[in-house]
Amino acid sequence: MLFPTLFCIFVLISLATGRQSNSVVDFMRKYFEEKPTPVVLWHGMGKCYTLIEYRLLQFVCDGDVRQSAEKFDKGVDGDTEHGFFGNVNDQVQKACEMIAYDEKLKNGYNAVGFSQGALFMRAVAQRCPSPSMKNLISIGGPQQGVYGLPLCPGDMRICDAVRRLLDLGAYVSFVQKTLVQAQYWHDPMDEATYKQYSIFLADANAENEVNQTYSDNLAKLNNFVLVKFLNDSMIVPKESAWFGYYADGDTSTIIPLEKSKLYTEDRIGLRILKDKGKLHLLAIDGDHLQIPESVFIKEIINKYLK
């Protein structure tokens with residue numbers, strides 16, 4: 001009981017002298033101010049864990065940043081390859097295990113995902129509720145998948161290999177289990193095949209049936225922020241960042257989130273979040289991930305990560 005005793009003594013001294021002691025204030029701040037909530041970051045395709053987004057978060061969040069992809073492999077090259085090749089379900093499971101075993105995350109954490117990393121981080125929220133994810137920030141994440149790969153960041157040899165595998169057939173078993181981008185490839189011209197053979201996205205979006213566990217877990221978030229880039233040339237369609245997508249068999253029509261079965265049937269908990277004021281949509285006038293630092297700090301850091 002030493003600490004409560006010290007607290008009472010310092011308060012009494014302050015009252016007796018008729019003024020507030022700076023040392024008392026400093027002591028109170030040291031022991032009573034909440035520490036910043038740790039941030040877990042999952043980067044995008046073709047990126048490595050030395051990217052500018054990490055440095056920005058590290059600076060603003062007092063350096064307490066965790067990276068879910070950092071330990072998937074040693075070195076930049078290995079980490080980058082995991083953005084293209086591998087089983088996303090395995091990567092999500094490994095991220096869950098790393099988060100669960102990290103002592104600094106035991107009281108909860110905030111999560112930020114960039115591009116495809118935002119989609120994978122959402123899967124972490126749905127599948128692994130402990131420790132608790134407090135706020136989830138999706139920066140240009142293809143939450144409803146993609147139907148096209150117009151731009152491919154990174155080594156052109158890797159990008160060419162990705163395109164060749166997609167040409168073979170995104171839903172071929174070998175391609176699904178090998179190519180990361182195939183696992184969130186969402187073909188609006190063949191929804192039946194997508195729902196049957198997609199090993200990641202179809203499950204994450206509960207395409208075949210309502211997943212109550214996913215719904216319950218996602219609804220535990222304090223805030224789910226979806227950032228869409230109005231001139232996005234990477235995510236096709238760009239509305240996928242807000243869970244919008246092409247109509248079945250029609251790439252000229254976009255169905256917004258509120259009119260999708262994902263929302264009207266509340267398959268993963270998005271409607272619950274919206275009804276509680278926890279789902280936030282932010283539009284940025286720029287290309288993929290081109291968010292001004294001032295906007296990032298004002299609209300993301302200060303509102304959800306402090």
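How many helices and strands are there in the chain? The chain holds 14 helices and eight strands. I should state at the outset that what we are looking at is a predicted model.

Allow me to begin with the chain as a whole. It has 306 residues, and 52% of them count as buried. About 14,900 Å² is exposed, of which carbon and sulfur atoms supply 53%. If one takes the contacts between residues at least 6 apart in sequence, 71% of them join residues at least 24 apart.

I turn now to the disulfide. The count for this model is one disulfide. The partners are C96 and C128, and their sulfur atoms lie 2.0 Å apart. In general terms, a disulfide is a covalent bond between the sulfur atoms of two cysteines. The link of C96 and C128 is right-handed, with 90° about the S-S bond. It joins distant parts of the chain: C96 sits in helix α5, residues 88–101, while C128 sits in the loop between α6, residues 116–127, and β4, residues 133–139, and the two cysteines are 32 residues apart.

Is C96 buried or exposed? C96 counts as buried because its relative accessibility is 7%, the limit for that class being under 20%. C128 is buried as well. Leaving aside residues up to four places away in sequence, C96 touches V124 and C128. A further pair in this region is C96 and R127, which are 31 residues apart in sequence and 8.3 Å apart in space, from C-alpha to C-alpha.

The surroundings of C96 lead us to the packing of two helices. At what angle do α5 and α6 pack? The angle is about 60°, and the axes of α5 and α6 are 10 Å apart. Their crossing is right-handed. On the α5 side, the contact is made by V88, N89, V92, A95, C96 and I99; on the α6 side, by F120, A123, V124 and R127. C96 therefore appears twice in this account: as a member of the helix contact and as a partner in the disulfide.

Next, the salt bridges. The structure holds six of them, and I shall describe three, including one within a single helix.

In the first that I have chosen, the side chains of K106 and E103 meet at 2.8 Å, N to O. Both residues are exposed, K106 with a relative accessible area of 53% and E103 with 55%.

The next salt bridge is between the side chains of E258 and K274, at 3.4 Å from N to O. This pair links distant parts of the chain: E258 is in the loop between β7, residues 250–255, and α12, residues 261–264, whereas K274 is in helix α13, residues 270–275, and the separation is 16 residues. E258 counts as partly exposed at 34% relative accessibility, and K274 is likewise partly exposed, at 33%.

The last of the three joins K303 and E299, with the closest N and O atoms 2.7 Å apart. Why are K303 and E299 separated by about one helical turn? The reason is that they lie four residues apart in helix α14, residues 293–305.

I come finally to the backbone, with two cis peptide bonds and two residues with positive phi to point out. A cis peptide bond joins S130 and P131, with omega at about -5°. P131 lies in the loop between α6 and β4, and C128 of the disulfide is in that loop as well. Another cis peptide bond joins V236 and P237, where omega is about 0°. P237 is in the loop between β5, residues 223–229, and β6, residues 245–247.

As to phi, D266 has a positive value, near 45°, in a residue other than glycine. D266 is placed in the loop between α12 and α13. At 10% relative accessibility, D266 counts as buried. L289 also has a positive phi, about 65°, although it is not a glycine. L289 is found in the loop between β8, residues 279–284, and α14, and it counts as buried at 15% relative accessibility.

To close, I would direct your attention back to C96 in helix α5. In this predicted model, C96 is buried, forms the disulfide with C128, and takes part in the contact of α5 with α6.

Key. Residues numbered from 1 in each chain as written. Predicted model: local features only at pLDDT ≥ 70, side-chain atom pairs only at ≥ 80, totals over all residues. Heavy atoms only, no water. Disulfide = S-S within 2.5 Å. Buried < 20%, exposed > 50% of the residue type's maximum accessible area, 1.4 Å probe, protein only. Salt bridge = Lys/Arg side-chain N within 4 Å of Asp/Glu carboxyl O. Contact = heavy atoms within 4.5 Å. Areas by Shrake-Rupley, 256 points an atom, 1.4 Å probe, with all protein chains shown as cover. Axes fitted to C-alpha atoms, helices over the stretch in contact; angles between N-to-C directions. Left-handed = near helix turned anticlockwise from the far one by under 90°.
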